[in-house]
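Notebook open, coffee poured. Today I am looking through a model for its cavities, its cores and one bent helix.

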Amino acid sequence: MPYIDESPTMSPQLSARSQGGGDGVSPTPPEGLAPGVETGKGLEMRKLVLSGFLASEEIYINQLEALLLPMKPLKATATTSQPVLTIQQIETIFYKIQDIYEIHKEFYDNLCPKVQQWDSQVTMGHLFQKLASQLGVYKAFVDNYKVALETAEKCSQSNNQFQKISEELKVKGPKDSKDSHTSVTMEALLYKPIDRVTRSTLVLHDLLKHTPVDHPDYPLLQDALRISQNFLSSINEDIDPRRTAVTTPKGETRQLVKDGFLVEVSESSRKLRHVFLFTDVLLCAKLKKASAGKHQQYDCKWYIPLADLVFPSPEESEASPQVHPFPDHELEDMKMKISALKSEIQKEKANKGQSRAIERLKKKMFENEFLLLLNSPTIPFRIHNRNGKSYLFLLSSDYERSEWREAIQKLQKKDLQAFVLSSVELQVLTGSCFKLRTVHNIPVTSNKDDDESPGLYGFLHVIVHSAKGFKQSARHFSKSGQDHHTATRAACSCGGFLNPLQTHRLPFWGLLLRSFWLVSSVGPSHPCVDPAPPLRGPQMPPLLPLLLPTGWEVLTSGSQAHGVEQVLPPSLDLYCTLEVDSFGYFVSKAKTRVFRDTAEPKWDEEFEIELEGSQSLRILCYEKCYDKTKVNKDNNEIVDKIMGKGQIQLDPQTVETKNWHTDVIEMNGIKVEFSMKFTSRDMSLKRTPSKKQTGVFGVKISVVTKRERSKVPYIVRQCVEEVEKRGIEEVGIYRISGVATDIQALKAVFDANNKDILLMLSDMDINAIAGTLKLYFRELPEPLLTDRLYPAFMEGIALSDPAAKENCMMHLLRSLPDPNLITFLFLLEHLKRVAEKEPINKMSLHNLATVFGPTLLRPSEVESKAHVTSAADIWSHDVMAQVQVLLYYLQHPPISFAELKRNTLYFSTDV
């Protein structure tokens with residue numbers, strides 16, 4: 001019997017092989033039977049092939065019917081006040097399904113009687129020829145396929161009703177089947193039309209093999225096969241590769257769900273691995289170096305059946321093997337080298353340089369990018385084989401860690417069995433990885449095509465407004481059944497009744513409900529209880545149903561004498577983080593404050609995020625965990641729960657406007673509203689003198705110190721004092737963005753010399769205070785180290801001889817005006833004290849130099865015209881040198897103002 005499709009789908013690339021000998025479908029039709037030679041046997045085989053195909057065609061039509069079944073009710077609700085999906089979403093997801101169904105229904109209805117009333121004179125080649133001629137509908141479907149999948153996935157995340165529909169679509173079984181229905185996901189059904197073209201091509205191949213050359217069907221089938229093969233080869237590269245699969249020696253189909261490059265900690269060192277997640281197994285592989293003339297292959301390092309894979313909880317996980325973190329300054333040096341090489345490549349291309357020179361530069365750039373990718377990730381992702389050892393990956397993004405965890409957990413919901421792969425099975429699986437992989441290249445810019453977008457360079461201003469759609473999470477109670485939310489709960493101990501005399505225990509809802517006599521009309525799902533016994537008998541007035549606000553839930557505490565059930569309002573402690581991509585990986589750039597005890601937080605916080613060739617913005621929503629027992633042993637940080645995550649592309653046309661662009665990210669039923677606008681690096685780094693000379697921002701430092709009769713501006717002293725008092729151990733101090741609105745508020749207070757400055761500083765978020773200090777130096781009308789001396793600083797730091805460099809750099813400091821020099825030395829000592837806490841705050845001298853170097857040295861607009869470089873190259877030579885100048889002074893032994901002034905050297909500033 002020919003192969004009948006009742007198994008999960010296979011890759012068109014793989015299944016374009018016949019089920020028999022494994023030969024690929026020939027580009028020309030196989031040679032037919034010679035006239036009169038075994039014609040009877042050939043026609044009998046022809047009938048068997050057609051019978052098998054007809055059975056699978058019935059299954060396919062039932063699958064299309066199942067896919068179409070929810071479309072009509074979804075369209076009906078789309079025009080109501082509460083649509084499940086919009087008309088546009090429905091048309092995108094179900095695009096061309098109705099047309100494909102009608103084509104195959106007509107084909108089946110015409111073919112079925114011919115097979116059932118079979119004789120040697122039956123012709124059906126014209127039916128296959130007509131079917132092949134309608135493949136244009138399939139081309140339209142394939143072109144839309146990826147968008148349809150993405151739309152269905154997003155709609156499932158944002159709408160629970162659609163998620164339930166899409167996870168269990170009922171497919172009718174064949175007429176003679178015992179199974180009346182089977183449950184299939186929408187994602188699987190959407191792939192069926194693509195898979196069907198492959199099946200039809202295989203059947204045509206088999207039919208021609210058993211059709212005599214002089215049969216009337218032969219030229220028609222030949223033509224149909226030619227059309228199908230051409231179509232199949234044209235779509236193989238367009239099909240979403242996530243649905244590719246490999247067939248095991250036992251005939252089972254194992255689909256590839258996700259793959260990507262991850263850094264594994266192995267034998268106390270970092271190794272770049274390609275990790276493949278199949279429907280029932282996780283495989284970690286390394287790409288082997290290919291010999292000349294041979295295809296590349298993967299070498300399996302280890303695998304874990306998903307039935308045996310567990311994620312150890314923070315308290316269960318062992319401390320990770322000691323991996324020495326890569327020094328920050330070396331990572332920054334790599335970034336600088338990468339940008340310098342990128343500039344050289346662009347110059348070579350502009351000057352039409354030799355291709356060999358360009359290739360050499362590209363090779364150097366790849367080497368640096370590879371090292372950066374290997375050594376920058378720090379977020380631990382541990383998995384464990386319940387029958388064996390644990391494995392540790394390091395990731396750059398919490399978003400990425402969550403994606404892998406969720407993909408694995410989704411597959412583990414199915415009924416999976418443990419297994420051990422034989423050497424042959426492992427060889428087949430590993431051998432398939434090269435063909436099935438969806439991520440072909442390491443995510444570095446040197447692997448990008450020349451016409452790909454370089455990303456955005458500058459500053460992205462983001463306001464995180466609010467979020468809604470959070471679900472209640474269970475809280476832990478003390479033995480008395482009380483916690484710090486008792487004031488917002490109502491309870492009764494018997495029969496689910498609320499005594500109205502006790503509603504004073506509900507501060508808000510009590511006022512609303514006190515005039516009502518209440519009882520739950522729906523049994524245990526909505527009881528409202530109070531410790532006081534309810535009124536009984538003649539005392540008890542009529543009772544009304546208790547209606548709880550949306551999102552309120554009931555928890556039962558077995559510790560109460562009467563089994564107390566407590567009504568919970570949706571009280572969560574929520575915050576968001578923002579990530580952007582840079583140098584091939586994502587980095588966390590900003591974090592909102594924690595909004596306590598709510599399910600609808602309203603942050604309205606603005607952040608300024610520096611972009612370094614960024615193309616995407618990610619927002620993650622967390623529930624804050626205050627339980628110190630839940631500490632990740634890999635990095636000693638408390639593990640907060642990710643409630644939702646989402647990502648948008650940073651389209652230059654959308655964000656590069658003067659106006660704010662408001663958008664909503666939908667994530668797992670949660671909607672986060674935010675606004676953003678982009679400022680190019682050139683525009684955002686302009687030094688603009690203030691028109692008012694009464695404030696401190698945008699006013700020369702000499703004017704401010706003279707007015708204040710101080711050596712160091714008051715704003716610098718107060719911000720430094722506050723940071724050292726309560727922010728010196730804050731992770732990422734001076735690197736993490738403060739809330740822009742808070743920074744602007746502090747700026748206004750300092751400019752107005754408000755008497756409430758100290759009170760405001762003590763209450764303000766420490767990152768906002770750090771941001772205010774950076775903003776002050778950034779908005780000085782000329783840099784702290786002055787425009788006049790800027791060229792000399794650039795040349796001095798480039799000197800090779802240590803003694804000459806020392807003399808030059810010290811002399812340049814002496815050449816600064818006193819207010820600038822004293823303020824610089826004051827800031828220098830502060831930054832050194834911050835760096836002393838590097839093990840806690842993760843801010844090294846190099847990190848601080850990277851943050852403050854351009855701020856303290858970047859020339860004003862007039863002076864910088866001679867130093868302008870490409871906006872897309874933020875790690876320009878000037879920026880590198882600015883960082884190096886500050887780093888030199890930070891690494892220098894303590895510098896005394898008095899000592900500097902005593903040691904006068906006759907050294908020209910014209911170095």
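**Entry 1: cavities.** I started with the enclosed spaces and counted five cavities of 30 Å³ or more. This is a predicted model, so I keep in mind that every value here is computed from it. I looked up the volume of the largest cavity and got about 110 Å³.

Which residues line the largest cavity? I wrote down H104, F128, L131, A132, L135, Y138, R196, V197, S200, L204 and S228. Next I sorted the lining by helix: helix 6 (125–133), helix 7 and helix 9 (186–209) each supply at least two residues. Helix 9 gives the largest share, with four residues.

**Entry 2: L135.** I picked one lining residue of the largest cavity, L135, for a second look. L135 sits in helix 7, which runs over residues 135–158. Is L135 buried or exposed? I make it buried, because its relative accessible area is 9% and the cut-off for buried is under 20%.

I then checked its contacts, leaving out residues up to four places away in sequence, and found that L135 touches V197, I227, S228 and F231. Two of these partners, V197 and S228, also appear in the lining of the largest cavity. I looked at I100 as well: I100 and L135 are 35 residues apart along the chain, and their C-alpha atoms are separated by 9.3 Å.

**Entry 3: nonpolar cores.** A reminder to myself: in soluble globular proteins, nonpolar side chains tend to be buried together. In this model the largest nonpolar core has 71 residues. I asked which members touch the most other members, and noted Y734, F777, F793, F824 and Y889. Helix 29 (residues 877–891) contributes the largest share of this core, nine residues. Apart from it I found another core, of 62 residues, including V49, M71, C112 and L127.

**Entry 4: helix 27.** I finished with helix 27, which covers residues 845–857 and has 13 residues. From its first C-alpha to its last, helix 27 reaches 17 Å, close to the 18 Å expected at 1.5 Å a residue. Where is the kink in helix 27? I found it at V851, a bend of about 35 degrees shortly before the proline P854.

I also looked at how covered helix 27 is, and 11 of its 13 residues are buried. That buried set includes F852, G853, P854 and T855, so the proline by the kink is itself among the buried residues, being under 20% relative accessible area.

Terms used:
Residues are numbered from 1 along each chain as its sequence is written. This is a predicted model: local features need pLDDT of at least 70, side-chain atom pairs count only at pLDDT 80 or more; totals for chains, interfaces and linings use all residues. Side-chain values use heavy atoms; hydrogens and water are left out. The expected span of a helix is 1.5 Å times one less than its number of residues. The bend at a residue is the angle between axes fitted to the seven residues ending there and the seven starting there. Buried means under 20% relative accessible area, exposed over 50%, partly exposed in between (1.4 Å probe, protein chains only). A nonpolar core is a set of buried Ala, Val, Leu, Ile, Met, Phe, Trp, Tyr and Cys residues joined through side-chain atoms within 4.5 Å. Contact means heavy atoms within 4.5 Å. On a 1 Å grid over the protein atoms alone, a cavity is a set of points where a 1.4 Å probe fits but cannot get out, and a pocket is an open set with protein on both sides within 12 Å along at least five of seven lines; lining residues have an atom within 4 Å of a point. Grid points are joined across faces, edges and corners, and a volume is the space filled by probe spheres set on the points.
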